[in-house]
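Could you walk me through this model in my viewer, one selection at a time? I would like to know what to pick next and what I will find there.

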Amino acid sequence: MTPWSPLDGIPEDIVARAARVRLACFDVDGVMTDGGLYYSDLGHESKRFHVMDGLGLKMLVESSIHVAVITARDTPAVAKRMQDLGIRHVFAGVPDKRACMLDLAAQLGLGIEDVAHVGDDFPDLGLLGTVGFAIAVANAHPVIAHVAHWRTQRNGGHGAVREVCELLLAAQGKLGGAIQRFRG
């Protein structure tokens, strides 16, 4: 199918964690974006999202893996981007990400071992310490990298989300099918 595999060089315990994931949660600033906050002269905020990350998220949804965005900030840019991608579980302005994830997992009938979270900074700490598969982006704060089970090679906002999506899909034997639809 593909001449490469996102599983190349990945330890077996990480592949096993990825294979169990039924709910993939993502932070926004510093994970889906480069962490920069861009303001116009009129005070309007904008964010830069990586298009490859968006396709990865869509492939997860199409492969029956729940996707959730849990972010402490509430901005129209995030709502619009998630709407464009068809992400149903969007939680913005969340002061306690861990409690939010636990509630969503319960609603979906999932245990914490079925949940992954991708984070980069202190607001993700409680959530990363709870889930079955804790993931830090390459440029995460050292404390976050220390509690994570796995760390991406790419920085947040520069393809790290896509890297996570491909790992999850490959570990579950779904990546080939997700790619196949693009072959025509």
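Start by selecting Gly119 and Ala136: Ala136, in strand β7, is the bridge partner of Gly119. Keep in mind as you go that the model is predicted.

Now widen the selection to the two strands around that pair. Strand β7 covers residues 133–136, and four bridges join it to β6, with the two strands running parallel. A second pair to click on here is His117 and Ala134, since His117 stands opposite Ala134 in β7.

Stay with β7 and look at its two sides. Phe133 and Ile135 lie on one side, Ala134 and Ala136 on the other, and all of these are buried, so that both faces of the strand are covered. On to the next neighbour: β7 also runs parallel to β8, to which it is joined by two bridges. To find the spot, show Ile135 and Trp150, because Ile135 stands opposite Trp150 in β8. Hold on to Trp150; we will meet this residue again.

Go back to β6 and select residues 115–119. How many of the five residues of β6 are buried? Five of the five are, so this strand is largely enclosed by the rest of the structure. Colour Val115, His117 and Gly119 for one side, then Ala116 and Val118 for the other, and you have both covered faces. Strand β1, residues 23–26, pairs with β6 in the parallel sense over four bridges. Within that pairing, Ala24 has Ala116 as its bridge partner in β6.

Next stop, the nonpolar core. The largest one has 56 residues, and those with the most contacts inside it are Phe26, Leu57, Leu60 and Phe133. Helix α7, residues 160–171, gives the most to this core, with nine residues. Select Leu60 and show what surrounds this side chain. Leaving aside residues up to four places away in sequence, Leu60 touches Ala24, Phe26, Ile65, Val67, Cys165, Leu168 and Leu169.

A short step brings us to a loop. Which loop holds Ser64? Ser64 lies in the one between α2 and β4 (66–71). Check the backbone there: phi of Ser64 is near 65°, a positive value in a residue other than glycine. Is Ser64 buried or exposed? Ser64 is exposed, with a relative accessible area of 58%.

Now for the empty spaces. The structure holds one cavity of 30 Å³ or more, and the largest cavity has a volume of about 40 Å³. To outline this cavity, select Met32, Phe49, His50, Asp53, Gly54, Leu57, Arg81, Met82 and Leu85. Two elements give two or more residues to this lining, α2 (51–62) and α3 (76–85). By class, the cavity lining divides into five nonpolar, two polar and two charged residues. Leu57 may look familiar: this residue was also listed among those with the most contacts inside the core.

The last stop is the largest pocket, with a volume of about 270 Å³. Select Trp4, Ser5, Pro6, Asp8, Ile10, Trp150, Arg151, Gln153, Arg154, Glu163, Glu166 and Leu167, which line this pocket. Here is Trp150 once more, as promised. The elements that give two or more residues to the lining are β8 (150–151) and α7, and the largest share, three residues, comes from α7. Coloured by class, the pocket lining shows five nonpolar, two polar and five charged residues.

Key
Residues are numbered from 1 along each chain as its sequence is written. This is a predicted model: local features need pLDDT of at least 70, side-chain atom pairs count only at pLDDT 80 or more; totals for chains, interfaces and linings use all residues. Side-chain values use heavy atoms; hydrogens and water are left out. Buried means under 20% relative accessible area, exposed over 50%, partly exposed in between (1.4 Å probe, protein chains only). Two strands pair if DSSP finds at least two bridges between them. On a 1 Å grid over the protein atoms alone, a cavity is a set of points where a 1.4 Å probe fits but cannot get out, and a pocket is an open set with protein on both sides within 12 Å along at least five of seven lines; lining residues have an atom within 4 Å of a point. Grid points are joined across faces, edges and corners, and a volume is the space filled by probe spheres set on the points. Ala, Val, Leu, Ile, Met, Phe, Trp, Tyr, Cys and Pro count as nonpolar, Asp, Glu, Lys and Arg as charged, and the others, Gly among them, as polar. A nonpolar core is a set of buried Ala, Val, Leu, Ile, Met, Phe, Trp, Tyr and Cys residues joined through side-chain atoms within 4.5 Å. Contact means heavy atoms within 4.5 Å.
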